[in-house]
Amino acid sequence: MQIQVKCSCGEEKCPEWAILELQGVVEAQPSFKDRLQNLRIGTLCRPTSQENYTFTVGYHELTGTKVPLKKPMLVLKKIKLSTEEEKGDINSTKVELDVIGVIRQRILFKTRPKALISIIDVVGGYGNGKVQP
């Protein structure tokens, strides 16, 4: 089977993507198991102009750095093509891959997460934003 790869965005105009590399496992709660597509799991920020990033997931904050990949990777979208003569034959479907992005960097989070729970929330449970004596 022949698979063609095409780039519709142009050689120099492909969007840059990055890989987030985490140590450990990210598990969805059972209530989200059926709806994982477009599920927001956290917030990625670059607080300074350096190559440092923070990734906040719930009450946990991870700190990571940008690392270049040894070889770039492509992000592909699979497109099934069918012609009039192939509609009766299921096995003769042609596939084309469209390049939708290039990955040249990864953001590596290799340290343990920092807890973001404050002392007031744990001890007093005030939650109204006022500090009480």
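Leu97 is buried in this model, because its relative accessible area is 17% and the cut-off for a buried residue is under 20%. The model is a predicted one. Leu97 is found in strand β6. In sequence, Leu97 and Lys6 are 91 residues apart. In space, the C-alpha atoms of Leu97 and Lys6 are 6.3 Å apart.

Strand β6 spans residues 94-109 and also contributes to the largest nonpolar core. That core has 5 residues. Its members are Tyr53, Phe55, Leu62, Ile107 and Phe109. At least two of them come from β6, and at least two from β4, residues 52-57.

Within this core, Phe55 has contacts with two other members, Leu62 and Phe109. Outside the core, Phe55 touches Leu20 and Leu22. Further contacts of Phe55 are Ile41, Gly42, Thr43 and Leu44. His60 and Glu61 complete the set. Residues up to four places away in sequence are not counted here.

Strand β4 pairs with β3 and with β5. Strand β3 covers residues 43-45 and runs antiparallel to β4. The two are joined by 3 bridges. Thr43 stands opposite Thr56 of β4. A hairpin is formed by β3 and β4, with 6 residues between them.

On the β5 side, the pairing is again described by bridges. Strand β5 covers residues 60-81, and 6 bridges join β4 to it in an antiparallel arrangement. Thr56 has Glu61 as its bridge partner in β5. Thr56 thus appears in both pairings, opposite Thr43 in one and bridged to Glu61 in the other. The hairpin of β4 and β5 has 2 residues between the strands. In this hairpin, Gly58 takes a positive phi near 60°. In a regular strand, side chains alternate between the two faces of the sheet.

The β4 and β5 strands also take part in the largest pocket. Each supplies at least two residues of its lining. The volume of the largest pocket is about 520 Å³. Its lining comprises 23 residues. Nearest the pocket centre lie Val25, Val26, Glu27, Val57 and His60. By class, the lining has 13 nonpolar, 6 polar and 4 charged residues. His60, one of the residues nearest the pocket centre, is also a contact of Phe55. Phe55 itself belongs to the largest nonpolar core.

Terms used:
Residues numbered from 1 in each chain as written. Predicted model: local features only at pLDDT ≥ 70, side-chain atom pairs only at ≥ 80, totals over all residues. Heavy atoms only, no water. Core = buried A, V, L, I, M, F, W, Y, C linked by side-chain atoms within 4.5 Å. Buried < 20%, exposed > 50% of the residue type's maximum accessible area, 1.4 Å probe, protein only. Helix = DSSP H or I, 4+ residues; strand = E, 2+ residues; numbered from the N terminus. Contact = heavy atoms within 4.5 Å. Pairing = 2+ DSSP bridges. 1 Å grid on protein atoms, 1.4 Å probe; cavity = no way out; pocket = protein on both sides within 12 Å on 5 of 7 lines; lining within 4 Å. Points joined across faces, edges and corners; volume = space filled by probe spheres on them. Nonpolar A, V, L, I, M, F, W, Y, C, P; charged D, E, K, R; others polar.
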